[in-house]
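Student: I'd like to zoom in on just one part of this protein and really understand how it sits among its neighbours. Could you walk me through a single strand, slowly?

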Amino acid sequence: MNYLSRLNQYKIMWVLVFFDLPTGTAKERKQASLFRKRLIQDGFSMFQFSIYVRHCPSRENAEVHIKRTKSMLPPNGQVAIMQITDKQFGMIEIFDQKKEAERPPIVQQLSLF
């Protein structure tokens, strides 16, 4: 592995959004659904039912998406936002029914300024 490749693994970021939103009423279900739709519109992908992830080319870009996520928080429920490096995300181990599963594909996104 060359130096630039290793360096990029620490500059490229993943933003993870974890949430537990109430769905007891029609209004709460609508708010939870709207939050998920907005995450998807902002480039997040479902990792698990209440965990969405987004690949960001830099820490600064991750901050933009974190700020955007904070601006669309639903009025009720719990939401946690975490950012980790590409290197850390690459060390994830995923299991499906006790069998090791494939890691999610690395997304190649074009960022226009």
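Tutor: Let's take strand β3 and work outwards from there.

One thing to keep in mind as we go is that this is a predicted model. Strand β3 covers residues 51–56, and it is mostly covered up: six of its six residues are buried. To count as buried, a residue has to have under 20% relative accessible area. You can check this face by face. On one side of β3 you'll find I51, V53 and H55, on the other Y52, R54 and C56, and all of them are buried.

So who are the neighbours? Let's start with strand β1, which spans residues 13–20 and pairs with β3 in the antiparallel sense over six bridges. If you want one spot to look at there, find L16, whose bridge partner in β3 is V53.

Now look at strand β2, residues 45–48. It also pairs with β3 in the antiparallel sense, over three bridges. Here you can pick out Q48, whose partner in β3 is I51, and S45, whose partner in β3 is V53. Put that next to L16, and you see V53 named as the bridge partner of both L16 and S45. To get from β2 to β3, the chain goes through a hairpin of two residues.

Now step back to the whole sheet. It is an open one made of four strands in the order β2-β3-β1-β4, with antiparallel pairing. The edge strands are β2 and β4 (78–85), each of which pairs on one side only. On average, neighbouring strands in this sheet are turned by 30 degrees against each other, ignoring direction.

Next come the helices. Helix α2 packs on the sheet and touches β1, β3 and β4, with its direction at about 170 degrees to that of β1. Helix α3 packs on the sheet too, touching β1, β3 and β4, and its direction makes about 175 degrees with that of β4. Our strand β3 is therefore among the strands touched by α2 and by α3.

While we're at α3, there's a charged pair to look at. A search of the whole structure turns up one salt bridge. Its partners are R68 and D42, whose closest N and O atoms are 2.5 Å apart. R68 lies in helix α3 (residues 59–71) and D42 in the loop between α2 (26–41) and β2, so the pair ties together parts that are 26 residues apart in sequence. The two ends sit in different surroundings: R68 is partly exposed at 38% relative accessibility, whereas D42 is buried, with a relative accessible area of 8%.

Last stop, the rings. The structure has four aromatic pairs, and ring pairs link W14, F47 and F89 into a cluster.

Key
Residues numbered from 1 in each chain as written. Predicted model: local features only at pLDDT ≥ 70, side-chain atom pairs only at ≥ 80, totals over all residues. Heavy atoms only, no water. Buried < 20%, exposed > 50% of the residue type's maximum accessible area, 1.4 Å probe, protein only. Pairing = 2+ DSSP bridges. Phe/Tyr/Trp six-rings, centres within 6.5 Å; stacked < 30°, edge-to-face > 60°. Salt bridge = Lys/Arg side-chain N within 4 Å of Asp/Glu carboxyl O. Axes fitted to C-alpha atoms, helices over the stretch in contact; angles between N-to-C directions. Contact = heavy atoms within 4.5 Å.
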